[in-house]
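This report walks through one protein model for a reader who has not seen it before. The sequence and the structure come first, and the description follows.

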Amino acid sequence: MADLKPRALISVQERLRDQVAHALRAALISGELRPGVVYSAPALAADFGVSATPVREAMLDLAREGLVEAVRNKGFRVTELSERDLDEFTEIRALIEVPTVGRVTRTATRDQLEALRPEAEAIVAAAREHDLIAYLEADRRFHLGLLGLAGNARLVETVGDLRKRSRLYGLTRLDQRGELVSSAEEHLELLDLMIAGDAEAAEECMSRHLGHVRSLWAAGLEAAAEEEPLRLRAR
């Protein structure tokens, strides 16, 4: 079996558990860890060159996010997403986020909205630089920061949980095609519409963006299914 791609895991400044969790998320995004496959902590630990304990701890973190599920006496199975799952996640997000964007457009100050511009620009920069982890992290900060302007912490928590459970899989091929850049640029378009005070257009942009994200999810799953045999070891 092929060796794992080199990863800078060991650092005295960071906790090993967090480093392993970060590496596992990267493997999920790239398609190295496939939905439906069971992976054992000892096998992954051998790939990473660490003990099994931080791998188990990291996997438990991912399990709490809904990205994997524990399989008794075997390890962890990467959570599978169906087309119906994707449709339901998108529907719920649209029901929450589209009207909230309209409300925030009418109530937030220009300064509050402009404060989100660095995050929107970071999303575009990450897409252009092919940094998928940075892309998702900046995207999360932007969307949750925007929703936070509505003043409802439960709303932000709910959308944050939905985002974790619908994390993109197999993005490498999409990134190589340049399809993430157009999605990234929609964040700047949305922000400009909100600053201009056009609530109706902002809601339409948000609805279109979520539809675009939905298509990326589906394409990501398809790409993951077509990937060559895994470099990370199962079982």
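## Helix α3 and its surroundings

Helix α3 (residues 52-64) has 13 residues, which at 1.5 Å a residue should span 18 Å; the C-alpha atoms at its ends are 19 Å apart, so the two values agree. These values come from a predicted model. The residues of α3 that are buried are A52, P54, V55, A58, M59, D61 and L62. Among the elements that cover them are α1, α2 (41-48) and the strands β1, β2 and β3. Just after α3 comes G66, which has a positive phi of about 80°.

## Confidence

Over the protein, the mean pLDDT is 84, and 82% of the residues reach 70 or more. Among the elements, helix α5 (residues 110-114) has the highest mean pLDDT, 98, and helix α9 (residues 171-177) the lowest, 71. Over residues 9-13, pLDDT stays under 50; for this stretch the model has 9 contacts beyond four places in sequence.

## The sheet

The protein has an open sheet of 3 strands, in the order β1-β3-β2, with antiparallel pairing. Its edge strands are β1 (38-39) and β2 (68-71), each of which pairs on one side only. Between β2 and strand β3 (residues 75-78) there are 4 bridges, in the antiparallel sense. V71 has G75 of β3 as its bridge partner.

The loop between β2 and β3 holds N73. With a relative accessible area of 76%, N73 is exposed. Most residues other than glycine have a negative phi. N73 is not a glycine, yet its phi is positive, at about 65°. H130 also has a positive phi of about 65° without being a glycine; its place is in the loop between α6 and α7.

## The nonpolar cores

Which residues have the most contacts inside the largest nonpolar core? They are L113, Y135, L146, L190 and M194, in a core of 31 residues. At least two residues of this core come from each of α1 (16-30), α4, α6 (117-128), α7 (132-148), α10 (179-195) and α11 (199-226). Helix α7 supplies the largest share, 7 residues. Leaving out residues up to four places away in sequence, L146 touches V101, V104, L113, L116, L190 and M194. There is also a second, separate core of 22 residues, which includes A21, L33, A58 and F76.

T100 is found in helix α4 (residues 83-107). Its relative accessible area is 4%, so T100 is buried. Apart from neighbours within four places in sequence, T100 is in contact with L147, A150 and L155.

## Salt bridges

Side chains of opposite charge can pair when their charged atoms come close. The count for this model is 15 salt bridges. The table gives three of these pairs with their distances.

| Pair | Distance, N to O |
|---|---|
| E97 and R93 | 2.5 Å |
| R117 and E114 | 2.8 Å |
| R163 and D139 | 2.5 Å |

E97 and R93 are 4 residues apart in helix α4, so about one helical turn separates them. An α-helix has 3.6 residues a turn, so residues three or four places apart point the same way. Is E97 buried or exposed? Its relative accessibility is 1%, so E97 counts as buried. R93 counts as buried too, at 4% relative accessibility.

In the pair of R117 and E114, R117 is buried because its relative accessible area is 18%, under the 20% limit. E114, at 26% relative accessibility, counts as partly exposed. These two residues belong to a network of salt bridges that links R110, E114, R117 and D192.

Why does the pair of R163 and D139 tie together parts that are 24 residues apart in sequence? R163 lies in helix α8 (residues 153-165), whereas D139 lies in helix α7, so their salt bridge connects parts with that separation. R163 counts as buried at 13% relative accessibility, and D139 is buried with a relative accessible area of 9%.

Definitions and conventions: Residues numbered from 1 in each chain as written. Heavy atoms only, no water. Buried < 20%, exposed > 50% of the residue type's maximum accessible area, 1.4 Å probe, protein only. Contact = heavy atoms within 4.5 Å. Core = buried A, V, L, I, M, F, W, Y, C linked by side-chain atoms within 4.5 Å. pLDDT = per-residue confidence, 0-100. Pairing = 2+ DSSP bridges. Expected span 1.5 Å × (residues − 1). Salt bridge = Lys/Arg side-chain N within 4 Å of Asp/Glu carboxyl O.
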